[in-house]
Amino acid sequence: MRVYLPCTLPLLARVVTAKELGPAPLIGYAVTPALIEWYASGDTEELEYVALTEAARASLRMLAADRVDGVDVPARRVVIAAEVADDDVSTGADLRERARVRLARSIPMEEIAAVHVDDPSAIDDIEAAVAALPAADKGDDDARFTVDGAEAHELLWYATQEMPDLVD
């Protein structure tokens, strides 16, 4: 099963050094039965894009959390795509989180299929989205528009052998 795991560039650097994403448990996003049922007309590629988008939203929240904690994190969303055994993935019952999955183990480098990262040209919009998240969560429509604007930027695809170059 392809699982999309939200990440940040500093966390990706730790993955490169440790040769695994962890520790468990890990939250990711995948094409789940609930997502398939909800998005009945979509093909696998469209459903995987939905899961990737959910992971990118979670990455944005990770950036915001790091900023609150005083960590200087580059404003680029990162999503790790991994191929894991179906038995290693559990889904929840919350229909608002149709694509959300939980992994009870770390993901070794061999299971990482690719990495998706914002282009540097997206940094200003990602910075604005991170700053707008608290107001968006409180229902501010303008802030929600700013946060949604981050999704206008497609994440770029990188092969696993390019991961060290991304974090240098």
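Is Glu-111 buried, partly exposed or exposed? Click on Glu-111 and keep that question in mind: at 21% relative accessibility, Glu-111 counts as partly exposed, because buried would mean under 20%. One thing to know before going on: this is a predicted model.

**Stop 1: around Arg-105**

With Glu-111 still selected, add Arg-105. The two form a salt bridge, and their closest N and O atoms are 2.8 Å apart. Arg-105 counts as partly exposed, at 22% relative accessibility.

Now add Asp-88 to your selection. Asp-88 also forms a salt bridge with Arg-105, with 2.8 Å between the closest N and O atoms. This pair links distant parts of the chain: look for Asp-88 in the loop between S4 and strand S5 (89-91), and for Arg-105 in the loop between strand S6 (100-103) and strand S7 (107-108), 17 residues apart. As for Asp-88, its relative accessibility is 27%, so Asp-88 counts as partly exposed.

**Stop 2: strand S4 and its neighbours**

Next, select residues 78-83, which make up strand S4. How many of the six residues in S4 are buried? Five of them are, so the strand is mostly covered (buried here is under 20% relative accessible area).

Bring up strand S1, residues 2-7, beside S4. These two strands run antiparallel, and six bridges join them. To see one spot along the pairing, pick Tyr-4: Ala-81 in S4 stands opposite.

Then show strand S8, residues 112-117. S8 pairs with S4 too, in the antiparallel sense, over five bridges. Pick Val-78 here, and you'll find its bridge partner in S8 is Val-117.

**Stop 3: a tie between two helices**

Time to head over to the helices. Select Arg-61 and Asp-137, and zoom in on their side chains, which meet in a salt bridge (2.6 Å, N to O). Arg-61 lies in helix H3 (residues 44-68) and Asp-137 in helix H4 (residues 123-137), so the pair ties together parts that are 76 residues apart in sequence. Try a surface display next: Arg-61 counts as partly exposed, at 42% relative accessibility, and Asp-137 is partly exposed as well, with a relative accessible area of 48%.

**Stop 4: a small set of three**

For a last selection, highlight Glu-54, Arg-57 and Glu-151 together. Salt bridges link these residues in a network. If you'd like to keep hunting, the count of salt bridges comes to eight.

Key:
Residues numbered from 1 in each chain as written. Predicted model: local features only at pLDDT ≥ 70, side-chain atom pairs only at ≥ 80, totals over all residues. Heavy atoms only, no water. Buried < 20%, exposed > 50% of the residue type's maximum accessible area, 1.4 Å probe, protein only. Helix = DSSP H or I, 4+ residues; strand = E, 2+ residues; numbered from the N terminus. Pairing = 2+ DSSP bridges. Salt bridge = Lys/Arg side-chain N within 4 Å of Asp/Glu carboxyl O.
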